[in-house]
There are 2 protein chains.
Amino acid sequence: MKAKRTIRDIANELQLSITTVSLVLNGKARQNRISQEVIDRVLKFVKEVDYRPNHFARSLRNGKSKIIAFMAEDISNPFFSSVARLIEDSANNSGYKIVYCSTENNTEKTRELIRTFKDRRVDAYIITPTEGIEKDIETLVTNRIPLMLFDRYFTDLSTGYVVIDNEQSTCTAIQHFIEQGYRQIGFVTLDSDQTQMSGRYKGYIRALEASGLPRFVLRIPYGSTETSIIDAIINFLAENREIDSLFFSSNYLGISGLKALKKKNLSIPDDIGVIAFDDSEVFRMHTPTITTVTQPVEEISHKLVESVLNQLRHEESSDDIRKDKIKLPAKLVVRESTARKK
Amino acid sequence: MKAKRTIRDIANELQLSITTVSLVLNGKARQNRISQEVIDRVLKFVKEVDYRPNHFARSLRNGKSKIIAFMAEDISNPFFSSVARLIEDSANNSGYKIVYCSTENNTEKTRELIRTFKDRRVDAYIITPTEGIEKDIETLVTNRIPLMLFDRYFTDLSTGYVVIDNEQSTCTAIQHFIEQGYRQIGFVTLDSDQTQMSGRYKGYIRALEASGLPRFVLRIPYGSTETSIIDAIINFLAENREIDSLFFSSNYLGISGLKALKKKNLSIPDDIGVIAFDDSEVFRMHTPTITTVTQPVEEISHKLVESVLNQLRHEESSDDIRKDKIKLPAKLVVRESTARKK
DNA sequence: TTTTTTAGCTAAAACGTTTTAGCAATGTTT
DNA sequence: AAACATTGCTAAAACGTTTTAGCTAAAAAA
């Protein structure tokens, strides 16, 4: 068992000062006029003995943890776990590790999580914000902590974010219903005022207004169990028997919706048309296959991590950090669930 | 903006020594004969000014990062992201944060990841090991680093682990096929010698031998694309036309399998029976619904985190760490895909 | 009264880096 | 020959904790 070597040991063994070794190791040798001979000697030795600097000491000294916090609503949701997977490698390659947590869209919990992350001087944040967390996010921003929101954001807060064009993509989806001959279009959404949900709602309204069709809206309380969602949808359909199509504004609403329709023995797409937000294997494999508004997960993830790393790189420079405000288009993937026999 | 307060500031403001404050904060006041009056004074003040100790300094001093590494094969796989979600809260409640990474079952990558985690003095590991990583795991064990393997383990390594009884559960599944009247049972698995896969294979063999039925085995190379898996399965069926049922030994093999069957227009369960390993929403929603060997994800997660936290608690004590070797039963969830009309 | 014990607190070292300020020797300009 | 610049390196402070060893004063024992 070789003893852990410190920079001090290295310095002693090479008959150099700690300073010199440190400068070489940090690539600041040239600008500090360390001779090439010494540079080579240090580099060679350090490689030989596989010296690995102590992260704690380094962090203590320079205040950086080399950790990025990934705060998603629920890491086990396929959308969020895909993002988690896709940001992972780039972060690692830049020397960052990612700690995750699930906010459950619970503001109190999120606040507490941010607190503990602050304690650990996490270097950057990627967050799906909850409704009441605005102030806390603002504090991070004023402290110039690199930060990106995603999935939703705060219109009156100057942060970077990556979202999709919820209004336009939903509008397109509803128009697709209309083109397929559906006229009584129901909208099942979460009872939430966050940007992503209000955007989807606006898209629904806009499409309807353009064609003068009636509205049918069901708002599900946040955190409802699957069975209560299913019941709510069944009720909704019973009270509005004219409905001939349903738009589900999230992937798990869609899944519960399909279960509800199955339970009522309604046939898709003939009795009722279906479109769900967020793609997933379930929708691709379902019989019939389900038309979805598909988020560009790769691009979202890529932009998120790119922007955060960029902020981290330019953190020192006094000029303003680039706060990317990115709105990506989502794609309507047309499948069998909207192919009505006319 | 209030300046960050250090323990030194606290000590000064209270006219006490740093030592005293530190002892109180760490609950070691009583055993060091600090008077109750001083204890109260410190605790009150610290609460008032919301003092938060610097993690880096603490870590540097005592060598603990308060971080657990969660190394799964692929964090975006529903099985692993569920575990991630389920271990998260208990870990947080005990003051630990979780960093994740995806090994892709790539030994070189895993080795490198373990290296970087070691550099950061991660306190504990929860790992789905890859085939070649035995030595590296062993090093962790000899260094007495708290560690749990899951999903698979090394028979000749003394580590804690949580797995399911792959052999028994697969055997039961195959027997179910037989009871349902299937006689030509195909087994689609990954070309891997890891315990979970060999266990499932053994279960298949055992069930067949008991009834003298023929074997049909397809081994898919690790890391195959979905399309190549589908092609392989289609070929396999073409070359073995007598096959009347298929067992898929992982969830994504099952999904690819269903796509292959759909492509060949084979009807489940009449043309062919289907059982998949690992449950997922896809199998519950599929038409017909798919019989699965369902892993007890909650229990797996619970045992994992409980055991790791236990190891962390008793790390100091010189007596042997408890190395829980847990094998949980998996449940056969019978659905429509094995309900052959006889 | 002197010695010993105990109660209550603290000084200082240590953890392992990064970085500022500066020193000595050599080279260059006046 | 004196003054200045440059090259090549280093001493030491700082980051903020935890913990060991020990000090002083009061209480108890001799």
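How much area do chain A and chain B bury between them, and what share of it is on carbon and sulfur atoms? I began my notebook with that one.

**Entry 1: ground rules.** I am working on a predicted model, where local features need pLDDT of at least 70, side-chain atom pairs count only at pLDDT 80 or more, and totals for chains, interfaces and linings use all residues. Residues are numbered from 1 along each chain as its sequence is written, chains are lettered from A and ligands numbered from 1 in the order in which they are written, and side-chain values use heavy atoms, with hydrogens and water left out.

**Entry 2: the protein interface.** The two chains bury about 4800 Å² between them, 55% of it on carbon and sulfur atoms. Buried area here is the accessible area (1.4 Å probe) that two parts lose on being put together, summed over both. I then looked up who supplies chain A's part: A:Phe56, A:Tyr100 and A:Arg120 give 18% of the area that chain A buries against chain B, more than any other three residues. In contacts (heavy atoms within 4.5 Å), I find 54 residues of chain A against 54 residues of chain B.

**Entry 3: B:Lys66.** I followed A:Arg120 across to chain B, where B:Lys66 is in contact with it. Leaving aside neighbours within four places in sequence, B:Lys66 also contacts B:Ser94, B:Gly95, B:Tyr96, B:Lys97 and B:Asp123. B:Lys66 sits in the loop between α4 (55-62) and β1 (67-72) of chain B. Helices (H or I, at least four residues) and strands (E, at least two) are DSSP runs, numbered from the N terminus. Is B:Lys66 buried, partly exposed or exposed? It counts as partly exposed because its relative accessibility is 31%; buried means under 20% relative accessible area, exposed over 50%, and partly exposed in between (1.4 Å probe, protein chains only). I also noted B:His55, 11 residues from B:Lys66 in sequence and 9.0 Å away, C-alpha to C-alpha.

**Entry 4: DNA strand C.** I counted a residue as near a strand if one of its heavy atoms lies within 4 Å of it. Of the 24 residues around DNA strand C, A:Ile7, A:Arg61, B:Thr19, B:Thr20 and B:Ser35 come nearest. Of the strand's atoms within 4 Å of the protein, 56% belong to sugar or phosphate and the rest to bases. For polar contacts I used pairs of N or O atoms within 3.5 Å; within protein, one must be able to donate a hydrogen and the other to accept it, and residues adjacent in sequence count only if both atoms are side-chain atoms. A backbone N or O atom of A:Ile7 is 2.6 Å from a phosphate oxygen of strand C. On the base side, a polar side-chain atom of A:Thr19 lies 3.1 Å from a base oxygen, and a side-chain N or O atom of B:Arg33 lies 3.1 Å from a base nitrogen. Which helices supply at least two residues each of this surface? They are α2 (18-25) and α4 (55-62) of chain A, with α2 (18-25) and α4 of chain B.

**Entry 5: DNA strand D.** Around DNA strand D I again find 24 residues, of which A:Thr19, A:Thr20, A:Ser35, B:Lys28 and B:Arg61 come nearest. Sugar and phosphate account for 56% of the strand D atoms that come within 4 Å of the protein. A side-chain N or O atom of A:Thr19 is 2.6 Å from a base nitrogen of strand D, and a polar side-chain atom of A:Arg33 is 3.1 Å from a base nitrogen of that strand. The backbone takes part too: a polar backbone atom of B:Asn54 lies 3.2 Å from a phosphate oxygen of strand D.

**Entry 6: backbone oddities.** The peptide bond from A:Ile268 to A:Pro269 is cis, with omega near 5°, and A:Pro269 lies in the loop between α11 (251-263) and β9 (273-277) of chain A. In chain B, a cis bond joins B:Thr287 and B:Pro288, with omega about -5°. A:Gln15 is not a glycine, yet has a positive phi of about 55°. I place A:Gln15 in the loop between α1 (7-14) and α2 of chain A, and A:Gln15 is exposed because its relative accessible area is 71%.
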